[in-house]
Each structure stands twice: as structure tokens, then as C-alpha cells.
Amino acid sequence: MQGFVDIIQGFLDLGATVILPVAIFLLGLLFGQKPGKAFRSGLTIGVAFVGIFLVVDLLVNNLGPAAQGMVDRLGVELNVIDVGWPATSSIAWASVVAAFIIPLGLAVNVIMLVTKTTKTMNVDIWNYWHYTFMAALVYAISGSIIQGLIAAVLFQIVCLKVADWTAPMVSEFYELPGVSIATGSTISYAPGIFLVKLLQKIPGVRNWNADPDTIQKRFGIFGESIFIGLFLGAAIGVLAGYNAGEVIEIGMAMAAVMVLMPRMVKILMEGLMPVSESAREWLSKRFGDREIYIGLDAAVALGHPAVISTALILVPITVVLAVILPGNSLLPFGDLATIPFIVAFIVGGARGNIVHSVIVGTIMIALSLYMATDVAPVFTEMAINTDFNMPEGSAKISSIDQGGNLVNWIIFKLFSLFN
């Protein structure tokens with residue numbers, strides 16, 4: 001068993017930039033592509049994700065220190081540290097239930113496709129770590145591997161059903177035909193779509209609009225995404241207490257994110273479209289005109305300027321929420337750079353309206369802070385059991401991404417009733 005676990009862990013350690021091209025290559029062969037064409041599709045998608053993650057690193061490396069600067073200026077003292085998704089995923093994969101998740105997850109996806117209970121073929125195996133965390137969390141309170149795996153399957157089913165539901169929006173708004181997003185952190189914020197629809201029915205509020213097109217019409221070239229990134233980045237630098245040079249530096253970095261991310265997503269689609277077309281032809285011959293979506297990482301949605309704009313505005317709001325919300329103990333830090341991923345469905349539901357997206361995003365993040373605080377004791381116990389190096393001076397840890405994940409929290413509470 002340990003050898004199998006080591007093989008799986010070794011494959012996962014290669015990261016999404018290797019796992020996804022391999023998955024796309026095999027998928028292309030399955031759908032009848034010639035090896036050379038399938039290899040090119042996989043390679044192109046790998047190159048696109050290398051570019052996407054380089055831009056994400058640019059975002060993370062600049063937002064992290066800025067967030068720390070804001071926290072220091074506010075003098076915040078909260079006893080639960082947000083360790084972010086990288087640490088959370090490492091804790092999840094170190095659990096004893098981790099070895100079962102990938103084969104189980106693939107089997108569940110295939111069964112749901114065959115039984116027509118989902119239209120999504122999720123090739124984003126890297127993000128199976130969300131299912132693993134769900135299983136590890138329930139295992140921590142029950143000591144039962146079976147219960148943990150049932151919880152992981154429930155989490156996966158919700159992800160696939162929400163991915164199906166939101167796929168038309170992803171196709172129309174993000175211009176990603178044939179793609180769905182089943183990333184666990186993004187799925188958690190899908191209920192925000194209903195809040196957006198509610199806002200759009202409130203007289204007066206429904207007229208508050210600031211989408212990228214409207215901003216550009218009003219401010220001319222200064223409304224272009226490159227200038228919006230520069231302005232929002234500089235504003236975050238000012239709030240973090242940076243000097244003039246550092247303010248300009250973070251402004252330039254955010255302007256670069258705004259320009260480079262859409263370019264990377266275009267390269268991704270160049271690799272994905274041939275596989276998508278082959279999938280449609282293959283399925284059409286065998287099952288009629290049945291529609292199948294290819295499930296990808298939520299990073300594909302970051303190419304829209306409204307997503308990054310909404311996320312940059314929400315960074316200081318999240319820090320302030322953590323300070324003023326009574327009962328919250330989570331100090332947001334590691335997952336502040338994850339905000340673009342978690343608001344993708346909200347921005348899509350609002351059709352790029354940044355005002356509505358920020359309002360709904362604020363409500364959803366407030367809920368996440370409370371949920372992350374609630375699961376912190378079990379989260380911390382899991383980390384200690386895996387010999388995780390706790391941050392210096394921290395009594396407990398959690399994260400906005402998975403600790404504050406609505407689907408994760410509901411399933412956790414359900415199993416808590418019986419354990």
C-alpha cells in the first residue's frame with residue numbers, strides 16, 4: 001500500500017502543469033485523435049498552464065506581502081492563522097485516506113457520465129485534493145475511512161453537478177465553449193449567483209453597474225483593464241503603507257496580471273478546442289448529440305478583467321471583515337490570493353458587474369471567515385497528526401479556501417451529527 005501511495009504522491013508532486021497535459025493526451029487518444037495531434041494539444045495546454053501559474057505567482061507574490069502590511073497597520077490579533085491552499089492541500093494528501101481518492105474519484109466520474117448524471121469529464125485531477133481534504137476532515141472526527149470516502153464522493157458529486165449547472169454561463173460569459181469548472185474552492189461560492197439575482201431585483205441597486213465595458217466607455221483609455229490593474233494595485237500598496245516606489249511596483253504587477261492572464265487563457269483554448277471537438281464527434285457517433293464538458297481548473301476564468309478587479313477590491317475588504325466581525329478568529333493571509341478563483345462564478349453570474357460582484361463577494365467571504373473559524377480545531381488536529389510545521393506563534397490554523405468552504409462545511413456538519 002505504501003508503495004502505491006508513494007507512486008500517487010510522486011505523480012501529484014509533478015503539479016498541474018504535468019498532470020493536465022498527460023490527462024489531455026490520454027483523453028485525445030480515447031476520443032480518436034492521432035497521437036501527434038493529441039500530444040500537441042496536451043503540450044499546448046501544459047504551456048498555457050505554465051503561463052497561467054506564472055501570472056498567478058506574480059499575483060500571489062505581490063498580494064501576500066501587501067496583505068501582511070495591511071494586517072500589521074491595523075494591529076490585528078486573531079488566534080487562527082489562514083495557512084492558504086498550498087499548506088491545506090499538503091495536509092490533505094498526507095492523510096491516510098489520500099491513496100483512495102484518485103481511483104475513487106475517476107470511477108465516480110465515469111459512472112456518472114455513463115449514467116448521464118453529469119455532463120462533466122473532470123480532467124483536473126490535481127484539484128482532487130479538495131475531495132481528499134473532505135475525506136480527511138471526516139476521518140479526523142470519525143476514525144472511519146469508509147465515512148471519509150463517502151464524504152469525499154458527496155463533495156465530488158456536488159462539484160460535478162454545479163459544474164454542469166454553470167457550464168452555459170462559463171461558455172457564454174467567459175467564452176469557453178465545452179468547458180466547465182469543477183474546482184472545489186469555486187464551487188463553494190456558486191450560491192452567490194442567487195444573491196446576485198436577488199440584487200438585480202432590488203430597485204435602485206440593480207442599476208449600480210461598473211463592468212469593464214462601461215468603465216472603458218466612461219473613462220476612455222484610462223478605463224482599459226491595464227489602467228484598472230495599475231490603479232487597484234497602487235491602491236492596495238497605499239493601504240499596505242508602502243512607499244512611493246513600492247506602490248508603483250505593485251501597481252505595475254497588477255497591470256501585468258490584467259494584460260497577461262487573458263493571453264494565457266487564449267493559448268489554453270488553442271490546445272483545448274481540438275480535444276473538445278474530437279470528444280463531441282466521438283460521443284455523437286455513440287450517444288447521439290449528447291453534450292460533454294471538459295472540467296478544468298478555475299484559473300481559466302481569470303482571463304476576464306472583471307474577475308481580477310473584483311478580487312483586488314475584496315482583498316482589503318476581507319482584512320477589514322476579519323477585524324470587525326464579532327466571533328471571527330481567522331486572520332486572513334495565505335488565501336487572500338485565492339480570492340480571484342473563488343469569485344469566478346459570482347462575477348460570471350453578475351455578467352461582469354463589479355459592484356454587484358463585490359457586494360455578494362463580501363457576504364460570501366464573511367460566511368467563509370465564520371466557517372473557517374468553526375472548523376479550526378479539527379483542521380489543527382489534522383495538521384498536527386501529519387507532522388505539519390505550525391506557523392510560529394499560532395494556536396490554531398485554518399484556511400478560507402477549504403476551511404471556509406460552504407460545501408465542505410455542510411458535509412462536515414452532517415457527519416458530525418453521527419460522530
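In this predicted model, I150 is partly exposed, with a relative accessible area of 42%, and its place is in helix α7. I150 also takes part in a nonpolar surface patch of about 640 Å², to which I146, L154, L414, L417 and F418 contribute as well. Helix α7, which spans residues 145–173, supplies the largest share of this nonpolar patch, namely three residues.

Aromatic contacts form a further theme of the structure, which holds seven aromatic pairs. One of these is made by F133 and F379, whose rings are tilted with respect to each other, at 5.3 Å centre to centre and with 50° between the planes. This pair links distant parts of the chain, since F133 lies in helix α6 (residues 129–142) and F379 in helix α16 (residues 354–385), the two being 246 residues apart. With a relative accessible area of 0%, F133 is buried, and for F379 a relative accessible area of 0% likewise places the residue among those classed as buried. Both values fall within that class because buried means under 20% relative accessible area.

Another aromatic pair is formed by F173 and Y174, and here the arrangement is edge-to-face, with 4.8 Å centre to centre and 80° between the planes. F173 and Y174 are both buried. The angle of 80° accounts for the description of this pair as edge-to-face, because planes over 60 degrees apart are counted in that way. In addition to these pairs, Y128, Y131 and F155 come together in one aromatic cluster.

Notes. Residues numbered from 1 in each chain as written. Predicted model: local features only at pLDDT ≥ 70, side-chain atom pairs only at ≥ 80, totals over all residues. Heavy atoms only, no water. Phe/Tyr/Trp six-rings, centres within 6.5 Å; stacked < 30°, edge-to-face > 60°. Helix = DSSP H or I, 4+ residues; strand = E, 2+ residues; numbered from the N terminus. Buried < 20%, exposed > 50% of the residue type's maximum accessible area, 1.4 Å probe, protein only. Patch = residues over 30% accessible without salt bridge, like charges linked within 9 Å, V, L, I, M, F, W, Y side chains within 5 Å. Areas by Shrake-Rupley, 256 points an atom, 1.4 Å probe, with all protein chains shown as cover. Salt bridge = Lys/Arg side-chain N within 4 Å of Asp/Glu carboxyl O.
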